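Biologist: Please take me closely through a single part of this model. Then show me how that part sits in the rest of the chain.

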Amino acid sequence: MMRAMYSGVSGLKTHQTKMDVIGNNISNVNTVGFKASSTTFADIMYQTTSGATAATATTGGKNAMQIGLGVSTAATKVSITSPGAAQSTGDALDIRLTNGSSTNFFIVNNGTENLFTRAGSFYLDGAGNLAMTSTGYTVMGWQVDPLTGDIRKDTVSAFVSCRQII
C-alpha cells in the first residue's frame, strides 16, 4: 500500500513541475526574447519481482516482472536557439535574428563585460551608439578596416553610428 502511495505522490509532484513550466511558458509568451521550456520525465527505479527467463526449444522466454516505484523530472530544457515569434513594431532599429539554424546572438556590453542576447529592440543613445531598449547595454559588433574595407573579425567594439551596420 505504501509503495502505491509513494508512486502516486511522486507522479503528482512531477506533474506539478510540468504544469509550472507550462504556466511559465503561457505567462511569458509575449516577453521579448522569451524561449519556451519543456519538461521530460524519468522513472525513478523498479523493483524486480521475477527475473527474465530464456527461451527453450518448446516455449518462449519470459520477461522480467517489475513494479515501478515512481517518477521524477529528468530535465527542464530551454531552447535558446529557437527563433522567437515575429512581431512587427514599425521601428527600423528593431531587429529579429533568423537563419536556418538560429544560433546567432547579439553581443551587448554592460560597461564591464560582453553579454549575449537574442532580444532585438534597440535605440540610438545620446552618443549615437546602438543600445538595447530594455537595459541600455551598448550593441557590439565587428568593425571595418578603414584602409582595406575588410571586416575585422578579431574583436568587437561599440557601433558608433547606424551607418556601420548598413
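Modeller: Start with one word we will need: contact means that heavy atoms lie within 4.5 Å. Keep in mind, too, that this is a predicted model.

Now take Thr 14. This residue belongs to helix α1. Is Thr 14 buried or exposed? Thr 14 counts as buried, because its relative accessibility is 4% and the cut-off for buried is under 20%. What does Thr 14 touch, once residues up to four places away in sequence are set aside? The list is Phe 41, Val 71, Ser 72 and Thr 73.

Stay in the helix for a moment. Helix α1 covers residues 2–27. Leu 12 sits in helix α1 as well. Leu 12 is exposed, because its relative accessible area is 61% and exposed means over 50%. Leu 12 also has a partner to compare in space. From C-alpha to C-alpha, Leu 12 and Gly 70 are 9.9 Å apart, although 58 residues separate them in sequence.

Val 9 is another residue of helix α1. With a relative accessible area of 38%, Val 9 is partly exposed. Val 9 helps to make a nonpolar surface patch of about 400 Å². The other members of this patch are Met 2, Met 5 and Tyr 6. So helix α1 holds a buried residue in Thr 14 and an exposed one in Leu 12.

Step back to the whole chain. What are its elements, and in which order do they come? The chain has 1 helix and 10 strands. Reading from the N terminus, the order is α-β-β-β-β-β-β-β-β-β-β. Of the 166 residues, 19% are buried. The accessible surface comes to about 11,500 Å². Carbon and sulfur atoms account for 57% of that surface. Contacts also reach along the chain. Take those between residues at least 6 apart in sequence: 43% of them join residues at least 24 apart.

Next, the aromatic rings. How many aromatic pairs does a search of the whole structure find? The search finds 2. One of them is Phe 105 with Phe 116: the ring centres are 6.5 Å apart and the planes meet at 75°, so this pair is edge-to-face. Phe 105 lies in the loop between β4 (71–78) and β5, while Phe 116 lies in strand β6 (residues 114–117), so the pair ties together parts that are 11 residues apart in sequence. How open are these two residues? Phe 105 is partly exposed, with a relative accessible area of 31%. Phe 116 counts as exposed, at 59% relative accessibility.

Another edge-to-face pair is formed by Phe 106 and Phe 122, with 4.9 Å from centre to centre and 85° between the planes. This pair links distant parts of the chain: Phe 106 is in strand β5, Phe 122 is in strand β7 (residues 122–124), and they are 16 residues apart. Phe 106 and Phe 122 are both buried.

Look at Phe 105 and Phe 116 once more. Arg 118 lies over the face of Phe 105, 5.8 Å from the ring centre. With neighbours within four places in sequence left aside, Phe 116 is in contact with Phe 105, Phe 106 and Ile 107. Phe 116 thus touches a member of each ring pair, since Phe 105 belongs to one and Phe 106 to the other. Phe 116 and Asn 104 are 12 residues apart along the chain, and their C-alpha atoms are 9.3 Å apart.

Strand β5, residues 106–109, also holds Val 108. Val 108 is buried, with a relative accessible area of 2%. Its contacts beyond four places in sequence include Glu 113, Leu 115, Met 132, Tyr 137 and Val 139. Val 108 and Val 156 are 48 residues apart along the chain, yet their C-alpha atoms are separated by 9.7 Å.

Val 156 leads to one more residue. Gly 141, in strand β9 (residues 138–144), is 15 residues from Val 156 in sequence. In space their C-alpha atoms are 4.8 Å apart. Gly 141 is buried, with a relative accessible area of 7%.

Terms used
Residues are numbered from 1 along each chain as its sequence is written. This is a predicted model: local features need pLDDT of at least 70, side-chain atom pairs count only at pLDDT 80 or more; totals for chains, interfaces and linings use all residues. Side-chain values use heavy atoms; hydrogens and water are left out. Helices (H or I, at least four residues) and strands (E, at least two) are DSSP runs, numbered from the N terminus. Buried means under 20% relative accessible area, exposed over 50%, partly exposed in between (1.4 Å probe, protein chains only). Patches are made of residues with over 30% relative accessible area and no salt bridge: like charges are joined within 9 Å, nonpolar side chains (Val, Leu, Ile, Met, Phe, Trp, Tyr) within 5 Å. Accessible areas come from the Shrake-Rupley method with a 1.4 Å probe; for residues, only the protein chains shown count as cover. A salt bridge is a side-chain nitrogen of Lys or Arg within 4 Å of a carboxyl oxygen of Asp or Glu. Rings of Phe, Tyr and Trp (its six-membered ring) pair if their centres lie within 6.5 Å; planes under 30 degrees apart count as stacked, over 60 as edge-to-face and the rest as tilted. A charge sits over a ring if NZ of Lys or CZ of Arg is within 6 Å of the ring centre and within 35 degrees of the ring normal.
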